[in-house]
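Let's take a walk through this protein, starting with a charged pair and working inward from there. Keep the viewer open as you read.

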Amino acid sequence: MDKIAIIGATGFVGKAITAEALSRGFEVTAIVRDTSRLEAADNLRGVSCDVTDTDRLTGVLRGFRTVISAYNPGWKNPEIYDDTLIGYRSIILAAEGARVERLLIVGGAGSLYVGEGQMLMETGTIPKNILPGIEALARVYMEMLPKVRDVDWVFFSPAGKFVEGTRTGNYRLGRDNLILNVKGDSEISVEDYAKAMIDEADSPEHHRERFTIGYRDEDPTHPRFTDNPGPVLHGI
């Protein structure tokens, strides 16, 4: 059975990724602050760890070939910008120190391009209250990750609208441009995002690069989200 470590496994995205991994036979180690928030499941082990404790995190990650990070210090955290950078600096150092082969990161949509030379976070459409978190994730991708030499990293950007919905498998993958459907909307369910993330963990297709996901076609098979779709998180 393949082993995988998931940082932030109790968050909005991390929880979906953990469920997808377990459903596909992975043995999951969930790295979280509070293990009491984990729902008991076969092949799931919880480890309490503050990601900013680089030495401890290095020890926890040692022995894993693949690590998925869904780390997010909290959208309501007034220090989200600095905490995101501090957290990812520690995660990268720990992955290097533990000799992890692959680090897959739940990235942001803010650094995706929507026009010639213009990124989504430069359009003025992202709510100001979450913009600092978006900008910090963009810095992780554009400034931190290119300097990593000993870990095969991937930065997986979601669509602009990221909600709880259904797992359809009916989506498109891309590279650096925001994926839009025919109505000009950019959206993905967290369940389909999780599927694509575990696909990448199981059968690597991307190396030291970013890729993205979104629904492109408006047709009878296009997913309809739940009546109460939950949070809309731009670029989480």
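In this predicted model, Arg167 forms a salt bridge with Glu20, with the closest N and O atoms 2.9 Å apart. Arg167 sits in the loop between strand S9 (161-163) and S10, while Glu20 belongs to helix H1 (residues 12-23), so the pair ties together parts that are 147 residues apart in sequence. The two ends sit in different surroundings: Arg167 is partly exposed, at 46% relative accessibility, whereas Glu20 is down at 6% and counts as buried. Salt bridges with shared partners also join Glu20, Arg24, Arg167, Lys195 and Asp199 into one network.

The structure holds 12 salt bridges, and another one takes us to Arg210. Asp176 pairs with Arg210, the closest N and O atoms being 3.0 Å apart. Asp176 is in the loop between S10 and strand S11 (187-189) and Arg210 is in strand S12, so this bridge links parts 34 residues apart in sequence. Is Arg210 buried or exposed? At 2% relative accessibility, Arg210 counts as buried, while Asp176, at 29%, is partly exposed. Arg210 has other polar company too: its side chain makes a polar contact with the side chain of Ser111 (3.1 Å), and the backbone oxygen of Arg175 lies 3.2 Å from a polar atom of the Arg210 side chain. Among the other residues in contact with Arg210 are Tyr141, Trp153 and Phe155.

Now zoom out to the sheet. Eight strands make up an open sheet with mixed pairing, in the order S3-S2-S1-S4-S5-S8-S12-S10. At the edges you'll find S3 (44-48) and S10 (172-174), each pairing on one side only. Direction ignored, neighbouring strands are turned by 20° against each other on average. Within the sheet, S4 (residues 66-69) and S5 (residues 102-106) run parallel over four bridges, and Ile68 stands opposite Leu104 in S5. Helix H5 (residues 190-202) packs on the sheet, touching strands that include S1, S4 and S5, and its direction makes about 170° with that of S5.

Last stop: helix H3 (residues 80-97). At 1.5 Å a residue, its 18 residues should span 26 Å, and the end C-alpha atoms are 25 Å apart, which agrees. Its buried residues include Leu85, Tyr88, Ile91 and Ile92. What covers the buried residues of H3 includes S1, S4, S5 and the helices H2 (54-61) and H4 (131-144). Just after H3, Arg99 takes a positive phi of about 60°.

Notes: Residues numbered from 1 in each chain as written. Predicted model: local features only at pLDDT ≥ 70, side-chain atom pairs only at ≥ 80, totals over all residues. Heavy atoms only, no water. Pairing = 2+ DSSP bridges. Helix = DSSP H or I, 4+ residues; strand = E, 2+ residues; numbered from the N terminus. Axes fitted to C-alpha atoms, helices over the stretch in contact; angles between N-to-C directions. Contact = heavy atoms within 4.5 Å. Polar contact = N/O pair within 3.5 Å; in protein donor to acceptor, adjacent residues only side chain to side chain. Expected span 1.5 Å × (residues − 1). Buried < 20%, exposed > 50% of the residue type's maximum accessible area, 1.4 Å probe, protein only. Salt bridge = Lys/Arg side-chain N within 4 Å of Asp/Glu carboxyl O. Lists of a residue's contacts leave out its neighbours within four places in sequence.
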